[in-house]
Amino acid sequence: MNTLRIAGGQVLRPDATVEDADVLVDRDEGTILDIGADLDADADETLDAAGCLVTPGLVNAHCHVAMTLLRGYADDKPLDAWLREDIWPAEGALMPEDVRAGAELGLVEMIKSGTTGFADMYFHVPEIAAAVEEAGLRARLGHGVVTLGKDDADARADIDESLDVAREFDGAADGRIRTAAMPHSLTTVAEEYLREFVADAHDEGIPVHYHANETTDEVDPIVDERGERPLSYAKDLGMLTGDDFLAHGVHVDDAEIDLLDEAGTGVVHCPASNMKLASGMAPVQKLLDAGVTVGLGTDGAASNNDLDMFDEMRDAAMLGKLAAEDASAVAAPDVVRMATAGSAAAVDLPGGALEVGGAADLAVVDLDAPHLTPANDLVSHLAYAARGSDVRHTVCDGRVLMRDREVLTLDEDAVMARAREAVASLRERV
Ligand SMILES: [Zn+2]
């Protein structure tokens, strides 16, 4: 057996307690063999975790990873104008190799900030899958479908591509890649297509992921046209099941929260994107109280503007308190759970907890920094004070992706150079 030992640190357990322990990993199986004091000193490889907190790898449950190329490309506009005037025209000019360059840039950023798994909606998905295979993370990938403004042939081709990609890449990269069918939203895909698309996906056991209730502009037209709330419409379309998960859920009423709870549909909260686009405040504490599975995501880098899940935890805690008008709402252990086990459950990927027999997906956070001193409460530090740049080592599926801040699976400098070149050429074309 080929083993990896993470030695001398403190380990965050699923019950949010912290204990002094080593973590022993079976690298062949990608699982945790043992957690405890003074484990096998003869491991094939050892990562020094002295003075560090070993946490589950963070799971970014809603992303458009290649949008790192559009970081800072257009800011300070509401969602609709931002998409129509800036983002969609730029995305229309992206070539497959651009998406590859943007995905690699995003994956390096994720590895460097302790993220080991993510869910992603985009296009040119084969390029993203190839980048994920190389980078060593886990992902649930899908091709996003928009039928608005398309003729019937183009709309159907987009849907076929989403289903084809979901079939082809599920189980790729030694099983690290899973897939989903991804209609962009309830307002950008017409009902006639949605109904068939969702049924076809579910017939083949493919889950569905989409944006929902992100802004009032997405909610009001559905209410006006149909006399029902968006998630009631989603239920009618068959896309509110325990396998499906939706992003945002900002403007959900109590009846919709009950629908989510009954269906077991996961909600991915994206607080930075919701603040930046002034979309609104999701009722996260209400969702948690109702027992809804809540994960955390950065959304694309164009609306964030980074992929640092530590930032996202802090934003989630802050915004959750404002939304609830209650300082005790969305507490530190809640956001840490959302960014780990909650996200993993919402998108149905392994990981999210450090347990014997579980996936060896973890991040080692260096606590030896002024902003993490003194160590009064390490869960509080994770939620409120730590940064992605405090992550020292990142491990996914038992493989070391970053050691002492050096990314081992991708060449960081080359990735950044390719991203700069891709954007220079994109700006000339748009
Ligand atoms: Zn999104």
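1. Which residues does Phe-118 touch, not counting residues up to four places away in sequence? In this predicted model, the contacts of Phe-118 are Asn-60, Cys-63, Val-65, Leu-107, Met-110, Val-132, Leu-137, Arg-138, Ala-139, Arg-140, Leu-141 and Leu-349, once residues up to four places away in sequence are set aside. Phe-118 also stands, together with Leu-107 and Leu-186, among the residues with the most contacts inside the largest nonpolar core, which has 113 residues. The largest share of this core, eight residues, is contributed by helix α2, residues 96-112. A second core, separate from it, has 18 residues, including Leu-4, Cys-52, Val-54 and Val-395.

2. On the overall fold, the secondary structure of the protein chain amounts to 14 helices and 18 strands. The radius of gyration is 21 Å, close to the 22 Å that the globule rule gives for 430 residues, so the protein chain is as compact as a globular protein of that length. Taken along the principal axes, the C-alpha atoms fill a box of roughly 65 × 45 × 40 Å. Of the 430 residues, 57% count as buried, and among contacts with a separation of 6 or more, 72% are accounted for by residues 24 or more positions apart.

3. The largest pocket has a volume of about 930 Å³ and a lining of 43 residues, with Leu-83, Trp-88, Glu-91, Val-146 and His-184 nearest its centre. Helix α1 gives the most to this lining, with nine residues, while the elements that each supply at least two are α1 (79-92), β7 (115-122), β8 (138-145), α4 (152-169) and α6 (216-226). By class, the lining of the largest pocket divides into 17 nonpolar, 16 polar and 10 charged residues.

4. For the second largest pocket, the volume is about 220 Å³, and of the 14 residues that line it, Arg-71, Val-108, Glu-109, Lys-112 and Ser-113 are the closest to its centre. Both α2 and α14 (412-429) supply at least two residues of this lining, with α2 giving the most, at four residues. The class count for the lining of the second largest pocket is three nonpolar, three polar and eight charged residues.

5. Turning to enclosed space, the structure holds two cavities of 30 Å³ or more. The largest cavity has about 40 Å³ of space and is lined by Leu-12, Thr-55, Pro-56, Leu-58, Phe-310, Met-313, Val-336, Thr-340 and Leu-382. At least two residues of its lining come from each of β5 (52-56), α11 (309-324) and α12 (332-347), and the lining has seven nonpolar, two polar and no charged residues.

6. The second largest cavity, with about 30 Å³ of space, is lined by Ser-185, Leu-186, Thr-187, His-211, Ala-212, Asn-213, Glu-218 and Ile-222. The elements giving two or more residues to this lining are β11 (209-212) and α6, and its residues comprise three nonpolar, four polar and one charged. Leu-186 thus appears both in this lining and among the residues with the most contacts inside the largest nonpolar core.

7. Is Ser-162, a residue of helix α4, buried or exposed? Ser-162 counts as buried because its relative accessibility is 0%, which is under the 20% cut-off. Leaving aside neighbours within four places in sequence, Ser-162 is in contact with His-143, Val-145, Ala-181, Met-182 and Phe-197.

Technical notes: Residues numbered from 1 in each chain as written. Predicted model: local features only at pLDDT ≥ 70, side-chain atom pairs only at ≥ 80, totals over all residues. Heavy atoms only, no water. Core = buried A, V, L, I, M, F, W, Y, C linked by side-chain atoms within 4.5 Å. Buried < 20%, exposed > 50% of the residue type's maximum accessible area, 1.4 Å probe, protein only. Contact = heavy atoms within 4.5 Å. 1 Å grid on protein atoms, 1.4 Å probe; cavity = no way out; pocket = protein on both sides within 12 Å on 5 of 7 lines; lining within 4 Å. Points joined across faces, edges and corners; volume = space filled by probe spheres on them. Nonpolar A, V, L, I, M, F, W, Y, C, P; charged D, E, K, R; others polar. Rg over C-alpha atoms; globule rule 2.2 N^0.38 Å.
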